[in-house]
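Hi,

Here is the structure I promised to pass on. Have a look when you get a minute, and my notes are underneath.

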Amino acid sequence: MTNSSCTVREATYDFLRRLGVDTIFGNPGSTELPMFRDFPTDFRYVLGLQEAVVVGMADGHAQASGRLGVVNLHSAVGVGHAMGNIYTARKNQTPLLIIAGQQSRSLLLRDPYLFSEEATELPKPHVKWSVEPARAADVPAAIARAAYTALAEPCGPVLVSVPVDDWDQPALPVPERQVSRTTVAPPSALQEVAQALGKAQHVALVLGASVD
């Protein structure tokens, strides 16, 4: 995929594809359906009849495959139905990306039906991170950050709440990145940094507060 704009949906599937994800579990409702428009032929969708069930299926698939598990849940009450198995995924330290639906952005101030009023607070404390991006264009990057967070040791579930009208909006592809899953830098990564420093003419290190 080039750096030109694409849809949120296309950018999301492109990123998941690069992570090796080819299966999505779910029990979708009306606020999730646009995610599956023009569903890619190289992905498999596994439908379950209840939210807790599909979280359990994604949990088991992630543990068996060693890859990120991805599950799509209905907004608000759908996430509520799944909480027992989200808790279990946390205890299992399973890398699990939960993409939950949300009502249209244009309706959020009107307290619509199927509205998750505090979507990011609902799954806490049983997720490592949760977010509802402020803009549709930020959804792919939020999903990427959530996925990397889920895969970082100790692994665990994360949640991204996506309004129903975001999937067709324009967004930029998620940039290629190399993100280590370990808490200690792997020798290959340190060697790459050392080679870059050895070739550099002018070096500046920008370190944040969490550098330790």
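Below is what turned up, going helix by helix and then on to the aromatic rings.

First, a caveat: this is a predicted model, so please read everything here in that light.

**Helix α1**

I'd start with α1, which is largely enclosed by the rest of the structure, because 8 of its 11 residues are buried. The buried ones are Val8, Arg9, Ala11, Thr12, Tyr13, Asp14, Phe15 and Leu16. What do they pack against? The buried residues of α1 pack against the strands β1 (6–7), β2, β4 (69–73), β5 (96–102) and β8 (170–171), plus helix α4. Just after α1 comes glycine 20, which has a positive phi, near 90 degrees.

**α1 against α4**

The partner helix α4 deserves its own paragraph. Its axis and that of α1 are 9 Å apart, at an angle of about 25 degrees. That angle is under 35 degrees, so α1 counts as roughly parallel to α4. The crossing of α1 past α4 is right-handed. On the α1 side the contact uses Val8, Ala11, Thr12 and Phe15, and these meet Val139, Pro140, Ile143, Ala144, Ala147 and Tyr148 of α4. By class, that contact has 9 nonpolar residues, 1 polar and no charged.

One residue to click on is alanine 147, which sits in α4 (residues 139–151). Buried or exposed? Alanine 147 has 0% relative accessibility, so it counts as buried. Setting aside neighbours within four places in sequence, alanine 147 is in contact with Phe15, Leu19 and Leu68. If you want a distance to check in your viewer, the C-alpha atoms of alanine 147 and valine 160 are 9.7 Å apart, with the two positions 13 residues apart in sequence numbering.

**α2 against α3**

There is another helix pair to look at: α2 (residues 51–65) and α3 (residues 77–92), whose axes come within 7 Å and cross at roughly 25 degrees. These helices are therefore roughly parallel to each other, and α2 passes α3 in a right-handed crossing. From α2, the contact takes in Glu51, Ala52, Val53, Val55, Gly56, Asp59 and Gln63, while α3 supplies Gly78, His81, Ala82, Asn85, Ile86, Thr88, Ala89 and Asn92. Sorted by class, this contact of α2 with α3 comes to 6 nonpolar, 7 polar and 2 charged residues.

**Aromatic rings**

How many aromatic pairs does a search of the whole structure find? The answer is 7. One of them joins tyrosine 13 and phenylalanine 39, edge-to-face, with 5.8 Å centre to centre and 85 degrees between the planes. That pair ties together distant parts of the chain, 26 residues apart: tyrosine 13 belongs to α1 (residues 8–18), whereas phenylalanine 39 is in the loop between β2 (23–26) and β3 (44–47). Tyrosine 13 has 3% relative accessibility, so it counts as buried, while phenylalanine 39 is partly exposed at a relative accessible area of 25%.

Phenylalanine 39 also pairs with tyrosine 45: the ring centres are 6.2 Å apart and the planes are at 85 degrees, so this pair is edge-to-face. Tyrosine 45, at 25% relative accessibility, counts as partly exposed. Taken together, ring pairs link Tyr13, Phe36, Phe39, Phe43 and Tyr45 into a cluster.

Shout if anything doesn't load.

Cheers

Key:
Residues are numbered from 1 along each chain as its sequence is written. This is a predicted model: local features need pLDDT of at least 70, side-chain atom pairs count only at pLDDT 80 or more; totals for chains, interfaces and linings use all residues. Side-chain values use heavy atoms; hydrogens and water are left out. Rings of Phe, Tyr and Trp (its six-membered ring) pair if their centres lie within 6.5 Å; planes under 30 degrees apart count as stacked, over 60 as edge-to-face and the rest as tilted. Helices (H or I, at least four residues) and strands (E, at least two) are DSSP runs, numbered from the N terminus. Buried means under 20% relative accessible area, exposed over 50%, partly exposed in between (1.4 Å probe, protein chains only). Axes are lines fitted to C-alpha atoms, for helices over the stretch in contact, and angles run from 0 to 180 degrees between N-to-C directions. Angles under 35 degrees count as roughly parallel, over 145 as roughly antiparallel, 65 to 115 as roughly perpendicular and the rest as oblique. A crossing is left-handed if the near helix is turned anticlockwise from the far one by less than a right angle, and right-handed if clockwise. Contact means heavy atoms within 4.5 Å. Ala, Val, Leu, Ile, Met, Phe, Trp, Tyr, Cys and Pro count as nonpolar, Asp, Glu, Lys and Arg as charged, and the others, Gly among them, as polar.
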